[in-house]
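Welcome, and thanks for opening the viewer. Set a cartoon view to begin with, and keep the selection box handy for the stops below.

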Amino acid sequence: HVPTEKYHPIIFKETLEEYWNEVDTLKEKEIDLIIPLTLPFQLWSKFQNKIRSTGISVLSPTSDLAMLEWSKIYGKKFMQSIGVPTAKHKTLLYDEVIDNFFTIERPFVLKFDQDFRFGRQSIVVTENNLNEVYTNFLDTGKTRMSDLLKKGDHTDYIIEEFLAGPEYSLHILCNGTNWSYLGSSRDYKKEFNSDTGNNVCSMGCYSVTDPINDQAVQIVNQVLTALENNGTPYVGVLYLGMIIHNGVHKVLEINTRPGNPEFNTILSMIDDNIVELFFNCVNNLLRFWQTSKGSTDWISIFQ
């Protein structure tokens, strides 16, 4: 994260004025491309407006699209509205979670909405950790660990059915109209050996060389077509948290940025100049190929 002639990171500042001053200097540094990689920068509409006012190419979805990731409830409602296969779920208020906690069929998944808990915003509740999770929820369930967008107490939560099966992070590159497959990876969330303990941000990951699945292709098309039809075409890297449950590919969550650390392993498999790739995407200089039939020929589409 050290600035060079060709790379200038914008890190978190103490004041709004510091951000504005740094963005204003980007023109002087002849920066060609801005990539807001973290969710706060994507959600911050004033920052989005500022960087777009520079005339520099920006590879990022808009603030309203970033809500697909930040709000689990918003993302679920969107998926339901367009018929994307996902886990069954309900939205409950705090008191409703408390009242129903011990009667919900286990295992189930408890998800905190609009909060970042270092991976613990999604908790798999089992017979073994039932009392522990309940006690922690009583103590911290209303506490918002992050005030990225909405301050105050928690109000809404998702109770989701637990789906068993292999999970993977599907990454695609979108230019607003078409998309291309970048690759997929699998990461380990549990903090202890033998897949035990709470979820954390990640304990490591690896890339998979499997071709993109036909079901996944259909899901990506559903998502991007719906966004374009809504007047909010998606530009940037989109990654879908997927699970294969009983042979069916389902979306667990939508993420509006490259996964960390998932994308690191995908990058190591891409031979192209990634900066040129992103720049060409924003400026529609790529011959985009809409993936179909699970082709494995995903590197050549950028040549």
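Two strands count as paired here if DSSP finds at least two bridges between them. Keep in mind as you go that this is a predicted model.

**Stop 1: the four-stranded sheet**

With that rule, select E3, E6, E4 and E5: in that order, these four strands form an open sheet with antiparallel pairing. Colour the edge strands next, which are E3 and strand E5 (122-125), each pairing on one side only. Look along the sheet and you can follow its twist, which averages 25° from one strand to the next.

Now zoom in on strand E4, residues 108-112, which pairs with E5 in the antiparallel sense over four bridges. Which residue of E5 stands opposite lysine 111? Show side chains and you will find serine 122 there.

Add helix H5, residues 72-82, to the selection. H5 lies across E3, E4 and E6, and its direction makes an angle of about 50° with E6.

**Stop 2: the second largest pocket**

Switch on a surface and centre on Ile104, Glu105, Phe108, Ile159 and Glu161, the lining residues that lie nearest the centre of the second largest pocket. The lining has 15 residues in total. Strand E3 (89-93) and strand E6 (156-161) are the elements that each give two or more residues to this lining. The space in this pocket comes to about 300 Å³.

Try colouring the lining by residue class. How many of its residues are nonpolar, polar and charged? You should see six nonpolar, three polar and six charged residues.

**Stop 3: the five-stranded sheet**

Move on to E11, E8, E7, E12 and E13, which form an open sheet in that order, again with antiparallel pairing. Strand E11 (205-208) and strand E13 (248-255) each have a single partner strand, so one side of each is left without a neighbour in the sheet. In this sheet the twist averages 35° from one strand to the next.

In the interior of that order, pick strand E7 (residues 167-175) and strand E12 (residues 235-245), an antiparallel pair joined over nine bridges. Label histidine 171 and look across to E12, where tyrosine 239 stands opposite.

Finally, bring in helix H10, residues 274-282. H10 lies across E7, strand E8 (179-187) and E12, and runs at about 55° to E7.

Technical notes. Residues are numbered from 1 along each chain as its sequence is written. This is a predicted model: local features need pLDDT of at least 70, side-chain atom pairs count only at pLDDT 80 or more; totals for chains, interfaces and linings use all residues. Side-chain values use heavy atoms; hydrogens and water are left out. On a 1 Å grid over the protein atoms alone, a cavity is a set of points where a 1.4 Å probe fits but cannot get out, and a pocket is an open set with protein on both sides within 12 Å along at least five of seven lines; lining residues have an atom within 4 Å of a point. Grid points are joined across faces, edges and corners, and a volume is the space filled by probe spheres set on the points. Ala, Val, Leu, Ile, Met, Phe, Trp, Tyr, Cys and Pro count as nonpolar, Asp, Glu, Lys and Arg as charged, and the others, Gly among them, as polar. Axes are lines fitted to C-alpha atoms, for helices over the stretch in contact, and angles run from 0 to 180 degrees between N-to-C directions. Contact means heavy atoms within 4.5 Å.
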